[in-house]
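Me: Please take me through one part of this model at close range, and spell out the cut-offs as you go. I would like to know how that part is put together and what sits around it.

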Amino acid sequence: MASEGKTSYTKIGFIVVAGIVAVVGSLFYFGGIRGNGDLVYAETCFDRSVSGLSVGSAVNFRGVKIGEVKEISFVGNKYNVRGDDNLRVYIKMGFPRSRLTAYEDEGVSADETLGYMVDTVGLRATVSASGVTGLSRIELDSAPDFPAIQPSWTPECAYIPPKPSLIDNFSDSAT
């Protein structure tokens with residue numbers, strides 16, 4: 001009789017431990033808690049408001065989600081700059097390395113892809129609204145006719161020059 005009680009406590013203990021491991025594992029898997037070792041980072045900045053944009057917002061290239069916003073701040077908080085650059089909005093974006101393999105045939109690594117696209121394709125960033133929800137996203141697209149304004153600071157990762165959004169262009173024209 002005593003051995004039956006001991007066996008049932010062992011079984012209950014095993015089931016409880018297995019349940020806790022399953023719950024914690026599910027939280028890690030579904031909660032997206034994983035290392036950032038596979039991410040390539042890029043940054044941009046904007047002179048205008050980025051309302052509706054938040055950490056976790058989508059970063060799209062020609063309408064296809066390829067990354068997300070990782071940090072939003074002011075350039076003056078990130079770098080030691082003076083003048084108008086202090087009040088520019090700083091955006092740091094993260095891209096899975098697997099999404100940046102388009103130029104491997106040309107010998108361009110995933111880490112170099114964004115800089116390569118800025119130089120050869122004219123990659124630029126703009127803030128776009130995501131419908132009527134009030135949320136925004138970063139849109140990346142080629143705009144070789146729009147000049148690449150270089151930052152006055154040394155970026156810590158790839159720098160994608162900004163371009164005005166359609167709404168900014170329309171409001172400037174209307175004014």
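What follows is a close look at the open sheet and its surroundings.

Reply: Happy to. This is a predicted model, in which local features need pLDDT of at least 70 and side-chain atom pairs count only at pLDDT 80 or more, while totals for chains, interfaces and linings use all residues. Residues are numbered from 1 along each chain as its sequence is written, and side-chain values use heavy atoms, with hydrogens and water left out.

First, some context. The protein chain has four helices and seven strands; these are DSSP runs numbered from the N terminus, with helices being H or I of at least four residues and strands E of at least two. Read from the N terminus, the elements follow the pattern α-β-β-β-α-β-α-β-β-β-α.

Now the sheet. It is open, has seven strands with mixed pairing, and its order is β5-β6-β2-β3-β4-β1-β7. Two strands pair here if DSSP finds at least two bridges between them. The edges are β5 (123-129) and β7 (158-159), each of which pairs on one side only.

Let's start from the β5 edge. Seven bridges join β5 to β6 in an antiparallel arrangement, and one of the partnerships is Ala-125 with Leu-140 in β6. The hairpin of these two strands has six residues between them, and there Gly-131 takes a positive phi near 80 degrees. Moving on, β6 (residues 136-142) runs parallel to β2, with three bridges between them; Val-59 stands opposite Ile-138 in β6.

Next comes the step from β2 (residues 58-61) to β3 (residues 64-74), an antiparallel pair joined by four bridges. Phe-61 has Val-64 of β3 as its bridge partner, and Ala-58 stands opposite Glu-68 in β3. This hairpin has two residues between its strands, and Arg-62 takes a positive phi near 55 degrees. β3 then runs antiparallel to β4, with six bridges, and Phe-74 stands opposite Val-89 in β4.

Ser-73 is a nice spot to pause, since it lies in strand β3. Its relative accessibility is 18%, so Ser-73 counts as buried, a label given under 20% relative accessible area, with exposed meaning over 50% and partly exposed in between (1.4 Å probe, protein chains only). Beyond its neighbours within four places in sequence, Ser-73 is in contact with Arg-88, Val-89 and Tyr-90, where contact means heavy atoms within 4.5 Å. Its side chain also makes a polar contact of 3.5 Å with that of Asn-77. A polar contact is a pair of N or O atoms within 3.5 Å; within protein, one must be able to donate a hydrogen and the other to accept it, and residues adjacent in sequence count only if both atoms are side-chain atoms.

For contrast, look at the loop between β1 and β2, where Ser-49 is found. With a relative accessible area of 59%, Ser-49 is exposed. Its side chain reaches the backbone nitrogen of Ser-51 at 3.1 Å. Ser-49 and Val-127 are 78 residues apart in sequence, yet 9.2 Å apart in space, C-alpha to C-alpha.

What packs on the sheet? Helix α3 (residues 110-120) does, touching β1 (39-46), β2, β4 (89-96), β5 and β7, and its direction makes about 30 degrees with that of β1. Axes here are lines fitted to C-alpha atoms, for helices over the stretch in contact, and angles run from 0 to 180 degrees between N-to-C directions.

The largest nonpolar core has 25 residues, and those with the most contacts inside it are Ile-91, Met-93, Phe-95, Leu-114, Ile-138, Leu-140 and Ile-160. Such a core is a set of buried Ala, Val, Leu, Ile, Met, Phe, Trp, Tyr and Cys residues joined through side-chain atoms within 4.5 Å. At least two of its residues come from each of β1, β3, β4, α3, β5 and β6. Leaving aside neighbours within four places in sequence, Leu-114 is in contact with residues including Val-40, Phe-95, Leu-123 and Ile-160. A second, separate core of seven residues includes Cys-45, Tyr-79, Val-81 and Tyr-159.
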